[in-house]
Amino acid sequence: MVTIRPRRDWLEKAQSFEVLSSMAYNYSVDHGVSYATAVEAVITRLSVTRNLTGGEWTPWKGGVFIHYVGAGRINSASCSDCQYEIAEIWTKHYLGQYGDLAYNFVVCQHGNIYRGQGFQRGEANGGYAAGQDPDDRTLKAQHIKVPTYGQVGRNTAFYSILGLVRGSDAPSAALRASVKELVRYLRTHDNPNLRAGNLLYPHQHGDDTDCPGPLLPYTKDGSLDPGFVVQPPIADVSIIPRSGWGARPPDWDVAVPRSERVGFTVHYSAGPTTQTVRQIQNFHMDGRGWPDIGYNFLVDKYGRIYEGVGWDHRGSHATGYNTTHIGCCFIGSDGDATEAAKASIRALYYHAASVYGRTLNATYHSGLPGAATACPGNDLRNWVLGGMGATDIGIIVVTPAPSTSTGRGDIRSVLSQQWAVNLLGYAPRLVEDGVFGPLTLAGVQWLQGVVGVAQDGLWGPNTEAAYKTYVGGGGSGGRTDIRSARSQQSAVNGQGYTPALVVDGVFGPATLAGVQWLQARLGVDADGKWGPLTEDAYVKKAGGGWSNGANTTIRSVAQQQTAVNALGHTPALVVDGVFGQYTFNGVCWLQNKVGTLADGLWGPATESAYGAYLGGERLVVDGVFGFATTCALQRAVGVEPDGVWGVASKRATQRHLNLWADAGLVVDGVFGTASVQAMQRHLNTMIRAGLSADGVWGAGTTRAVQTALNQGKF
């Protein structure tokens, strides 16, 4: 059994560095506690990791990259010295573009394994820019080609293990043995969504670096590889949570009582099997104006099941049936559904019976009364009518981590509870992973205090009723998806409200009254919910100012400044942790670049869009339709990228526009005026490009194409 030492072991050594000591000092001042108490509170908070970019995390597609620290020597005289070295690396990463230790695990010369990002996605694996890999110019930025899955992100599909050695160190036998055992453990993890694939590479594989230095010979001779091979045949599957595919936060959501579910509807996406779940979500939210991805669940050709809006939320998959029917979408077109995909859809259907306590009616989209559609195509339609025959597999229910309370999930799922807590402005935000651990317990207890019920951490009927009263009809609650509760309070105070609100991030009755007062002054409906109309009216009234500060519930000001600089803002911001007008402008610039509301507030939507951008095409927006842009467009429309804008690519793009933009084009491979106009209108819808739909493909249209591809919104 592998022993992984906690982050606390090395975080305690970080007290020696200014980063953590400054955090502790600020905490002691803000909360009126001793410095020692503040240090403990800060270390406890930093001991919890999160997905640093909100990006997709699918390690089963790839495997593990091996790293080293760099030139020089490591002081590894004692375990304490090794922990100090890790803390020093953390300080550099925290102040740099990562915002935390970027590696998943660190193994020292004594053979100890330390948790970095752990089983969350890390950001240490680097890679070439788009079109710059000398071995394959068709690769996306920071991607690699792997068997079965084709191009995958180096951080999306690979763990990173740092051997705590530098260039002049000789890796010890204990270090090498622990790395080998850790790789074995990652390949055999109980949760199949967290298992590492079979690949084990040195960092320099697909990147211009000498990393992993002295560990390179051992990665090449196979001595770090335990030899275990992940078996590909169909087996029981688990559901990949929203955090696993980099979901955007919903604009809003509607909970559905489990008693109302009566049907299970099969759909197809009608696009290529290479579509990502995030791309489908982008189209539903930006193209259709829906609050979230339309399906409850999605299944790809490999049989992987992805959580959409889940078991307890209303989808947008079939008009008139979104409350009563669960929508399950196969990602692909008619005839693409594999045996693995069908087995997973069947397993999900039978698992629904255990979730809802009864068997649901199995149907398909075009079989619903009043549904004028070809969905899900002949193959899946006949398969459903024939009884959904497939290999009998089950759904693995991942056991939650031990906690002081297991919570309740009979009225509202754990994921839905986490959503609700975050919606009310809880900080730091909960990871929406469906696991009821100590942090979710604390969040639910906080929410119960806000809505006025007993703070026992159990989401029962009283909590549900109080929550619905607080946020539901009658306008008795707030919205924090566009502007945080703290920022709303600052905005209300900034307009002269008296008595001034306490800026505490808690959306209670006093804040509700203040927001309603502000809305009345702005001339919008005074419902207490800060939605897009309120935001637009406020920005016009306040002149786009920065509202007295930043939203730091997800990233500190310094981390926001670093992120802005990492995307190429000029002039570069001074990374000083002070949120002034320049930083506000920089964050707005970044938000425009990644494709989200430019309000200067780094909330969940900005975090999600930023993560998707980092994992996307990363094209230079120069208006030149060159090799890299052509490859990116080919990937978006489901064509093997070769950089040649030929007939096959044009036909695929026409089919893409017919599907996503209802263009009604003749698919003839002639990309003339009608096709360009359809694409320009599509870009105006998806990214608000502001193009004149004149059918002329000039530099402005190309820049819009590049921007949409970078944002995953083509």
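Select Arg688 to begin: at 60% relative accessibility this residue counts as exposed, because the cut-off for that class is over 50% relative accessible area. The model on your screen is a predicted one, which is worth keeping in mind at each stop. With Arg688 still highlighted, display the backbone torsions, where you will find a positive phi of about 55° although the residue is not a glycine. Extending the selection in both directions shows the setting, since Arg688 sits in the loop that runs between α21 (673-687) and α22 (699-710).

Next, go to Thr148, which offers a second example of this backbone feature: its phi is positive, about 75°, and Thr148 is not a glycine either. The flanking elements here are strands, with Thr148 placed in the loop between β5 (143-146) and β6 (150-153). Is Thr148 buried or exposed? With a relative accessibility of 60%, Thr148 counts as exposed.

Now move to Gln109, which lies in the loop between β3 (105-107) and β4 (113-115). Colouring by accessibility places Gln109 among the buried residues, because its relative accessible area is 16% and the limit for that class is under 20%. Which residues are in contact with Gln109 once its neighbours within four places in sequence are left aside? Select Ser76 for one of them, and then add Leu164, Val165, Asp169, Ala170, Pro171, Ser172, Ala174 and Leu175 to complete the set.

The following two stops concern peptide bonds. Centre the view on Cys375 and Pro376, where the bond from the former to the latter is cis, with omega near 10°. Pro376 itself belongs to the loop between β14 (361-364) and α9 (377-385). Then go on to Thr498 and Pro499, whose connecting peptide bond is also cis, here with omega near -5°. In this case the loop holding Pro499 is bordered by α13 (485-494) and α14 (509-522).

For a broader selection, take residues 251-377, the range to which UniProt, in an unreviewed entry, assigns the annotation "domain: N-acetylmuramoyl-L-alanine amidase". Coloured by secondary structure, residues 251-377 come out as 24% helix and 17% strand, and a distance drawn between the C-alpha atoms at the two ends of the range gives 30 Å. A second annotation from UniProt, again in an unreviewed entry, is "domain: Peptidoglycan recognition protein family", listed for residues 237-373. Over residues 237-373 the chain is 21% helix and 18% strand, with the end C-alpha atoms 30 Å apart.

Finally, zoom out to the whole protein chain, which has 22 helices and 14 strands. Its radius of gyration is 26 Å, close to the 27 Å given by the globule rule for 714 residues, so the chain is as compact as a globular protein of that length. Taken along the principal axes, the box filled by the C-alpha atoms is roughly 75 × 70 × 55 Å. If you colour the chain by burial, buried residues make up 55% of the 714 residues, while a contact map, restricted to pairs with a separation of 6 or more, has 64% of its contacts between residues 24 or more positions apart. Switching to a surface display, the accessible surface comes to about 28,100 Å², and 52% of that belongs to carbon and sulfur atoms. As a last view, select the charged side chains: there are 57 positive and 57 negative charges, and the mean positions of these two sets are 2 Å apart.

Technical notes: Residues numbered from 1 in each chain as written. Predicted model: local features only at pLDDT ≥ 70, side-chain atom pairs only at ≥ 80, totals over all residues. Heavy atoms only, no water. Helix = DSSP H or I, 4+ residues; strand = E, 2+ residues; numbered from the N terminus. Rg over C-alpha atoms; globule rule 2.2 N^0.38 Å. Buried < 20%, exposed > 50% of the residue type's maximum accessible area, 1.4 Å probe, protein only. Contact = heavy atoms within 4.5 Å. Areas by Shrake-Rupley, 256 points an atom, 1.4 Å probe, with all protein chains shown as cover. Lys, Arg positive; Asp, Glu negative; His and termini not counted. Charge placed at Lys NZ, Arg CZ, Asp CG, Glu CD. UniProt positions renumbered as here; feature names shortened; annotations may be inferred.
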